Amino acid sequence: MSGSEYAVGQLAAELSIDISPELLELALTHRSFAYENGGVAHNERLEFLGDSILGQAVTVMLYTTNPHLDEGELAKRRASLVSSVALAEVARTIGLGRFIRLGRGEELTGGRDKSSILADTVEAVIGAAYLDAGGEAATDLVLRLIMPLMDNPERFGAAMDPKTSLQELAATLGRGVPSYVVTDSGPDHSKRFRAVVVLGKEEIASGEGTSKKQAEMAAALDAWTLLQPSSPQA
C-alpha cells in the first residue's frame, strides 16, 4: 500500500464513512498540486457539490432543532456554520490539513493551515461522501463535523462574529482595539485577500480569503484563538 493510499484510508476511517480511495484522494487534491503534476484532476468540482450538500444539511438541522428562532436568526446561524471561517475550524479539529495534496509553493507558505484551503477541502470531502455514500450518509457526516463547533459556545460565538469577539477579548486583556491591514493579489476576476490583525504595534495573526471581509474574519478568529488565556502564546 502506498503512502497516499494509507492516508486516504486513514482519513476515511477517522470520518467513519465509506468513500472510495480514488474519490477521496481527488477531494484532497488542491489545484496547486494538480498544476504542478501535469494538470491532474483537482477538487474544485467536488467542492462545488459539497457546498450545496452542506448548506442543505445545515438549513434542515437548524430549522428542525430551533422552532423558536425566526428566519433572520436562522439565516445568521446558517451563514456562520457554512462560512469559510467555521469550516476551517472544523478542518483543524479533525486534522484535515495533514491529508491535503498540495503543490510545493503552497506547502512552503503554510498551505496546510490556510483557512481558505481547509474550508474548500471540507466541502470537497462532503461532495465525495455524497457521490459515493449517498445523501443520508453525507448529511450525517456534515452534522458530525459541525457539532463539535456548536457544542463549544465560546468557539461557536467567535466563529459567528470573530471581529466582535476579538475586540471584546482584546479589551478585557487591556490590549487595545484591533486594526486590520489588508492586501490583495491576483487578477481582478480571481483576487485573493490577506488580512493581518494588529494590536498596538504587534502583528497578532493573519488570514486569507476571497474577499476582504472573509480575510479579516479568518484573521480575527486566529487572533482570538491565540489570545485565549489558556493559549501558550497568549
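**Exercise 1. Work out how helix 6 and helix 8 are oriented in this predicted model, and which residues bring them together.**

*Solution.* Helix 6 and helix 8 sit roughly perpendicular to each other. Here's how to get there.

- Step one: take the axes of helix 6 (residues 84–94) and helix 8 (residues 115–133), which come within 8 Å and cross at roughly 80°.
- Step two: angles of 65 to 115 degrees count as roughly perpendicular, so a crossing of roughly 80° earns that label.
- Step three: pick out the contact residues. Helix 6 brings Ser84, Leu87, Ala88, Ala91 and Arg92, while helix 8 answers with Ser115, Leu118, Ala119, Val122 and Glu123.
- Step four: sort them by class, and you end up with 6 nonpolar, 2 polar and 2 charged residues.

**Exercise 2. Find the largest pocket and describe its lining.**

*Solution.* Start with the volume, then go round the walls.

- Step one: the largest pocket holds about 270 Å³ of space.
- Step two: 15 residues line this pocket, and Arg92, Asp113, Ser206, Gly207 and Asp222 are the closest to its centre.
- Step three: ask which elements give two or more residues to the lining. They are helix 6, strand 3 (202–209) and helix 12 (212–227). Strand 3 has the largest share, with 4 residues.
- Step four: split the lining by class, which gives 2 nonpolar, 5 polar and 8 charged residues.

Arg92 ties back to the previous exercise: this residue of helix 6 is also part of the contact with helix 8.

**Exercise 3. Do the like for the second largest pocket.**

*Solution.* Go through it in the usual order.

- Step one: about 200 Å³ of space lies in this pocket.
- Step two: list the lining, which includes His30, Arg31, Glu44, Glu47, Lys114, Asp120, Arg192 and Glu208.
- Step three: assign residues to elements. Helix 3 (31–36), helix 4 (44–65) and helix 8 supply at least two residues each, and helix 8 gives the most, with 3.
- Step four: the classes come out as 1 nonpolar, 3 polar and 8 charged.

**Exercise 4. Place threonine 210 and say which residues, beyond its neighbours within four places in sequence, are in contact with it.**

*Solution.* Work from sequence to space.

- Step one: threonine 210 belongs to the loop between strand 3 and helix 12.
- Step two: check it against serine 190. The two are 20 residues apart in sequence, with 7.8 Å between their C-alpha atoms.
- Step three: leave out neighbours within four places in sequence, and the contacts of threonine 210 are Lys191, Arg192 and Phe193. Of these, Arg192 also turned up in the lining of the second largest pocket.

Key
Residues are numbered from 1 along each chain as its sequence is written. This is a predicted model: local features need pLDDT of at least 70, side-chain atom pairs count only at pLDDT 80 or more; totals for chains, interfaces and linings use all residues. Side-chain values use heavy atoms; hydrogens and water are left out. Axes are lines fitted to C-alpha atoms, for helices over the stretch in contact, and angles run from 0 to 180 degrees between N-to-C directions. Angles under 35 degrees count as roughly parallel, over 145 as roughly antiparallel, 65 to 115 as roughly perpendicular and the rest as oblique. Contact means heavy atoms within 4.5 Å. Ala, Val, Leu, Ile, Met, Phe, Trp, Tyr, Cys and Pro count as nonpolar, Asp, Glu, Lys and Arg as charged, and the others, Gly among them, as polar. On a 1 Å grid over the protein atoms alone, a cavity is a set of points where a 1.4 Å probe fits but cannot get out, and a pocket is an open set with protein on both sides within 12 Å along at least five of seven lines; lining residues have an atom within 4 Å of a point. Grid points are joined across faces, edges and corners, and a volume is the space filled by probe spheres set on the points.
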